[in-house]
Amino acid sequence: MIQGTGSDVGKSLLVAGLARAFTRRGLRVRPFKPQNMSNNAAVTEDGGEIGRAQALQARAARVTPSVHMNPVLLKPQSDIGAQVVVQGRMIGTAKAREYQSWKPRLMASVLDSFDILSAEADLVLVEGAGSPAEVNLRRGDIANMGFSRATGTPVVLVGDIDRGGVIASLVGTQAVIDSEDAAMIRGFIVNRFRGDPTLFSDGMALIAARTGWAPLGLVPFFPDAARLPPEDAVALDAPDARREGVPLVAVPVLPHIANFDDLDPLRQEPGVAVTFVRPGSPIPAEAALIVLPGSKTTIDDFAFVRAQGWDIDILAHVRRGRPVLGLCGGYQMLGRTIADPDGIEGAPRTIPGLGLLDVETVMRGQKRLVAVTGETLSDGAPFSGYEMHIGDTTGPDTQKPLLRFADGRPDGAVSADGLVSGTYVHGLFADDRQRAAWLARLGAPPSSESYEAGIETVLDRFADHLETHLDCDRLLALAEPYRKPGTV
């Protein structure tokens with residue numbers, strides 16, 4: 001089990017890189033994360049949803065993503081509440097304090113999924129959540145030491161030297177957790193090192209001496225990790241790579257932005273610049289395209305759009321004759337009204353939208369979770385992606401759909417003047433030909449590199465990187481046979 005001294009220390013990518021490294025050794029590897037909190041989710045073949053990181057880790061292990069790889073997924077709807085998804089299906093919503101009382105029964109689902117994965121694998125790589133040093137959350141824990149202790153899974157602790165204080169983070173974690181939890185930790189990794197590694201050899205020795213844990217490696221910073229799909233919204237805090245002389249794509253950062261990795265393929269294109277517009281900043285007037293992204297709480301996030309004045313910026317952008325694309329929740333915001341009569345995303349209410357598309361959305365029915373393929377109707381450019389939404393959108397502009405699925409169904413809408421369009425499909429830009437069509441509309445050339453092939457290349461290079469800088473043989477030797485709780 002890979003645990004961390006905090007969030008965003010690199011646990012997810014380390015599990016992905018190790019999954020590829022050990023898969024290349026001929027092992028049947030499965031990733032597993034007992035509990036995840038993210039609005040970046042992926043659809044599985046069996047019609048469920050899991051954290052985006054576990055989908056990437058499954059890809060690294062060259063296996064199909066399964067709901068059992070992330071049995072508990074929390075999708076934040078507010079600062080203190082989230083939807084709770086168990087084995088791929090939403091079972092309800094809970095406030096943070098209320099959720100603590102759910103954990104004992106959720107542990108049963110976690111152990112059930114872990115049993116299923118363990119039965120089909122030579123090696124299960126488990127990712128923790130946050131940090132075991134958050135001892136105020138230890139009671140009933142299912143994400144870190146609670147899981148480790150319940151299953152007898154040995155732990156490797158990861159610290160991030162790039163953020164500073166890594167010695168204190170690692171040694172301090174041992175200081176605050178109880179002795180039985182500390183005994184589950186067998187080794188440590190220091191991640192994202194920059195500079196001369198010999199300058200930290202004394203640091204590695206000091207941590208080992210203070211903790212008694214095995215030093216498993218000092219991993220140098222790997223710049224190409226930024227080319228892999230992120231899961232945490234903290235990735236949106238990274239500075240934009242603004243480039244002069246190329247079309248600008250502007251993406252407002254919503255409080256509950258979801259599936260923002262939709263924009264990753266565009267961010268990697270040298271022919272355009274993508275900027276995530278932070279609260280307090282206007283949408284740049286020079287933007288060639290505005291993309292309204294997905295949202296976990298469409299109505300609340302649209303109220304935020306208005307509070308920021310972004311609605312005025314978007315309307316002015318269209319008046320200048322420039323295009324807008326709405327993805328899922330962003331598509332719903334572009335219509336005339338958004339209604340939530342049953343209170344699926346909060347209090348029951350109906351609000352006016354931007355009115356740029358002549359459509360209306362009603363939140364109702366079961367969440368649609370399905371992989372889809374098809375083409376854009378305007379140019380026949382193919383796409384592959386997935387639907388992940390609640391709500392029906394109808395109205396005159398849906399008679400001019402943006403997409404046609406392979407089974408013949410239409411999706412989305414296009415305004416009468418062709419400037420505004422929306423779709424429920426996530427992952428639209430990942431297909432090289434679809435992305436090239438959008439770039440052509442902006443007057444930008446596409447790159448010659450395939451996005452999907454690029455991910456595979458980075459995973460292989462990262463696995464090489466870890467094989468070079470980690471003691472992977474010793475790491476593998478730490479693994480122990482899984483025994484179900486209660487067995488001998």
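Arg 62, at 49% relative accessibility, counts as partly exposed, because the exposed class begins only over 50%. In this predicted model, Arg 62 sits in the loop between α2 (52-60) and β6 (72-76), and its phi is positive, at about 60°, although the residue is not a glycine. Most residues other than glycine have a negative phi. Gln 87 is another residue with a positive phi that is not a glycine, its value being near 45°. Gln 87 belongs to the loop between β7 (81-86) and β8 (89-95), and with a relative accessible area of 24% it is partly exposed.

**Salt bridges**

Arg 62 also takes part in a network of salt bridges, in which it is linked with Arg 20, Arg 24, Arg 59, Glu 452, Glu 456, Asp 460 and Asp 464. Side chains of opposite charge can pair when their charged atoms come close. A search of the whole structure finds 40 salt bridges, and the table sets out three of them.

| Pair | Closest N to O distance |
|---|---|
| Arg 24 and Asp 464 | 2.7 Å |
| Asp 473 and Arg 25 | 2.8 Å |
| Arg 349 and Asp 300 | 2.8 Å |

Which parts of the chain does the salt bridge between Arg 24 and Asp 464 link? Arg 24 forms its salt bridge with Asp 464 at 2.7 Å between the closest N and O atoms, and the pair joins helix α1 (residues 11-24), which holds Arg 24, to helix α13 (residues 451-469), which holds Asp 464, across 440 residues of the chain. Both partners are partly exposed: Arg 24 has a relative accessible area of 35%, and Asp 464 stands at 39%.

The salt bridge of Asp 473 with Arg 25 has its closest N and O atoms 2.8 Å apart. This pair likewise links distant parts of the chain, 448 residues apart, with Asp 473 in helix α14 (residues 472-477) and Arg 25 in the loop between α1 and β2 (29-32). Asp 473, at 53% relative accessibility, counts as exposed, since that class starts over 50%, whereas Arg 25 is partly exposed with a relative accessible area of 36%.

In the remaining pair of the table, the side chains of Arg 349 and Asp 300 meet at 2.8 Å, N to O. Arg 349 lies in strand β20 (residues 349-352) and Asp 300 in helix α9 (residues 298-308), so the salt bridge ties together parts that are 49 residues apart in sequence. Here too the partners are partly exposed, Arg 349 at 28% relative accessibility and Asp 300 at 33%.

**The chain as a whole**

The secondary structure of the protein chain comes to 14 helices and 29 strands. Its C-alpha trace spans about 70 × 50 × 40 Å along the principal axes, and its radius of gyration of 23 Å agrees with the value near 23 Å that a compact globule of 488 residues would have. Of those 488 residues, 58% count as buried. Among contacts with a separation of 6 or more, 72% are made by residues 24 or more positions apart.

The protein chain exposes about 19,300 Å², and carbon and sulfur atoms supply 53% of that area. As for charge, the chain has 49 positive and 59 negative charges, and the mean positions of these two groups are 2 Å apart.

Note on methods: Residues are numbered from 1 along each chain as its sequence is written. This is a predicted model: local features need pLDDT of at least 70, side-chain atom pairs count only at pLDDT 80 or more; totals for chains, interfaces and linings use all residues. Side-chain values use heavy atoms; hydrogens and water are left out. Helices (H or I, at least four residues) and strands (E, at least two) are DSSP runs, numbered from the N terminus. The radius of gyration is taken over C-alpha atoms; the globule rule is 2.2 Å times the number of residues to the power 0.38. Buried means under 20% relative accessible area, exposed over 50%, partly exposed in between (1.4 Å probe, protein chains only). Contact means heavy atoms within 4.5 Å. Accessible areas come from the Shrake-Rupley method with a 1.4 Å probe; for residues, only the protein chains shown count as cover. Lys and Arg count as positive and Asp and Glu as negative; His and the chain ends are not counted. The place of a charge is taken as NZ of Lys, CZ of Arg, CG of Asp or CD of Glu. A salt bridge is a side-chain nitrogen of Lys or Arg within 4 Å of a carboxyl oxygen of Asp or Glu.
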